Amino acid sequence: MAVAPFSTSLFPPFPSIFKTSLFTIKSFKTRSTSSLILSQFSLETHHKKPPTADPPEFDGTGAAAPTRGDRFLEHHHSVEAVNFVLKENKKNRKKKKDKALKVSLAVASCYGCGAPLQTLESDAPGYVEPETYELKKKHHQLRRVICGRCRLLSHGHMITAVGGNGGYSGGKKFITAEELRVKLSHLRYEKALIVKLVDIVDFNGSFLARVRDLAGANPIILVVTKVDLLPKGTDLNCIGDWVVEATVKKKLSVLSVHLTSSKSLVGVAGVVADIQKEKKGRDVYILGSANVGKSAFINALLKNMAERDPVAAAAQKYRPIQSAVPGTTLGPIQIDAFLGGGKIFDTPGVHLHHRLAAVVHSEDLPALAPQSRLRGQNFQVDQLATDNEMGSKDLSSGLNGFSIFWGGLARVDLLKIQPETCLTFYGPKGLQIHVVPTEKADEFYEKELGISLTPPSGKQAREDWRGLEVLRQLKINFEDEQRPACDVAISGLGWITVERKKSLQNNYSDLESSVDELELTVHVPKPVEIFVRPPMPVESFRRTNCYKEKRQ
């Protein structure tokens with residue numbers, strides 16, 4: 001810290017006392033602890049009476065000796081000098097902290113994934129050929145460079161890069177899920193507008209209930225993605241009501257809720273209008289769990305904004321990469337998207353250890369991502385009667401005593417269930433569903449794992465698979481005869497709707513139907529979470545009148 005502002009011409013000519021003050025300032029520069037001690041020493045020497053045996057020596061004597069006023073003025077200058085240094089040092093520390101928070105944005109990064117550019121490790125994120133790097137650097141075009149990993153991802157290669165708690169098995173681990181969360185920690189200190197994304201297919205698993213730990217007090221716009229995957233005929237107005245109710249129950253305050261599809265651009269224009277209204281000079285951060293569709297959503301935003309904003313149109317040329325790999329984005333990606341100033345930031349996804357994507361092998365990740373509209377698979381007594389896997393199992397008591405496998409990822413044991421009960425599975429089409437008697441379920445799973453029960457698939461994935469370690473017993477009541485009882489949602493996979501079929505009620509009217517409580521046991525891998533929630537109003541609600549009053 002320079003001490004030039006405290007020129008000796010500003011102080012009375014008393015060198016002996018000024019030396020003490022100057023030494024105090026120098027000490028503060030070199031070592032803060034000693035500065036505090038010396039400052040205290042200078043204050044104490046001023047207030048203490050000088051020893052009688054060794055009177056202080058001054059430069060002048062008699063009439064030239066410093067007066068008490070001179071000494072007070074000198075001490076005042078000394079204290080002011082120390083206070084100035086303290087103030088300047090505090091400013092420098094704050095600048096250093098701010099610089100550290102945003103250092104990731106200052107480093108040249110891949111515009112596709114946000115990984116810092118590097119030329120040493122060819123199979124790591126951010127790798128660029130040394131010749132290309134030097135050429136782009138020379139022409140100040142490093143912000144227009146895409147790394148080798150992003151090129152492979154754009155051609156369909158499944159290259160994971162995230163390890164740790166919430167990371168993915170298979171492939172190399174170049175960064176941990178914890179390190180990605182640290183990259184988002186500065187958001188709570190920024191003045192920003194947060195656009196939080198939630199996947200409608202995995203609403204509970206991708207919701208980020210503790211989003212305020214990352215966003216702080218910043219305003220949030222809630223955007224629900226992938227509504228184009230909902231079953232055909234689903235009423236989006238009913239879905240909107242369902243989402244709002246679920247958000248209120250989670251005690252999250254948001255500015256607005258939007259249902260969108262990055263593929264068909266449904267609802268995107270409304271989000272753009274809301275962002276323009278609420279931005280108010282702030283930068284916009286797109287936040288969400290991994291693989292919720294942040295990069296695809298940003299590309300849809302830019303496509304919509306490009307019709308009226310030339311800055312957004314130019315930004316489309318260097319947009320974030322999209323892939324089915326969770327953890328595609330590895331660092332914040334800055335996008336100049338507004339004509340009047342301001343930026344959009346694509347952020348790394350928050351990796352959650354309780355989703356199935358964190359459990360399966362990287363080769364099986366595409367199997368968890370639906371590519372087209374969901375179609376519910378119904379299972380009820382009259383369908384099971386012709387299933388050759390049932391053997392000689394007695395079906396007179398309905399589904400009691402059966403187990404249903406959802407690929408190799410989930411198993412549902414039906415312990416006590418009414419004959420007219422129907423289970424409808426909504427999830428990826430690639431996962432086959434098998435029904436077997438519960439007493440044969442363990443044997444069937446061990447025999448068919450990796451063959452008819454996939455994922456896991458592949459030798460390595462089967463060897464690493466730890467099985468369905470988590471069991472959760474559920475008791476479900478039918479409170480309304482006109483609508484399904486509930487959804488049983490499995491984090492990262494989909495959901496199962498539990499309902500009664502009136503047609504089956506007539507067929508089994510002679511059976512005892514006084515059992516209103518159902519008992520199920522759900523098996524999933526550890527640590528995947530299971531949610532019991534109000535039923536999502538999808539295609540099955542077309543056969544009920546539960547929402548007729550609202551529509552009228």
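**Helix 11 and the aromatic contacts**

In this predicted model, helix 11 is largely enclosed by the rest of the structure, because 11 of its 12 residues are buried. The buried set runs Lys294, Ser295, Ala296, Phe297, Ile298, Asn299, Ala300, Leu301 and Leu302, and then picks up again with Asn304 and Met305. As for geometry, the helix covers residues 294-305 and spans 16 Å from its first C-alpha to its last, close to the 16 Å expected at 1.5 Å a residue.

On to the rings. Searching the whole structure turns up 9 aromatic pairs. One of them brings together Trp406 and Phe425 in an edge-to-face arrangement, with 5.1 Å centre to centre and 90° between the planes. This pair ties together distant parts of the chain: Trp406 belongs to strand 10 (residues 402-406) and Phe425 to strand 12 (residues 421-426), with the two residues 19 residues apart. Neither partner is left in the open. Trp406 has a relative accessibility of 1%, so it counts as buried, and Phe425 is buried too, with a relative accessible area of 1%.

Elsewhere, ring pairs join Phe203, Phe207 and Trp242 into a cluster. Phe207 also has a charged neighbour: Lys196 sits over the face of the Phe207 ring, 3.5 Å from the ring centre. A second lysine does something along these lines with another phenylalanine, as Lys279 lies over the face of Phe338 at 4.6 Å from the ring centre.

Technical notes
Residues are numbered from 1 along each chain as its sequence is written. This is a predicted model: local features need pLDDT of at least 70, side-chain atom pairs count only at pLDDT 80 or more; totals for chains, interfaces and linings use all residues. Side-chain values use heavy atoms; hydrogens and water are left out. Helices (H or I, at least four residues) and strands (E, at least two) are DSSP runs, numbered from the N terminus. The expected span of a helix is 1.5 Å times one less than its number of residues. Buried means under 20% relative accessible area, exposed over 50%, partly exposed in between (1.4 Å probe, protein chains only). Rings of Phe, Tyr and Trp (its six-membered ring) pair if their centres lie within 6.5 Å; planes under 30 degrees apart count as stacked, over 60 as edge-to-face and the rest as tilted. A charge sits over a ring if NZ of Lys or CZ of Arg is within 6 Å of the ring centre and within 35 degrees of the ring normal.
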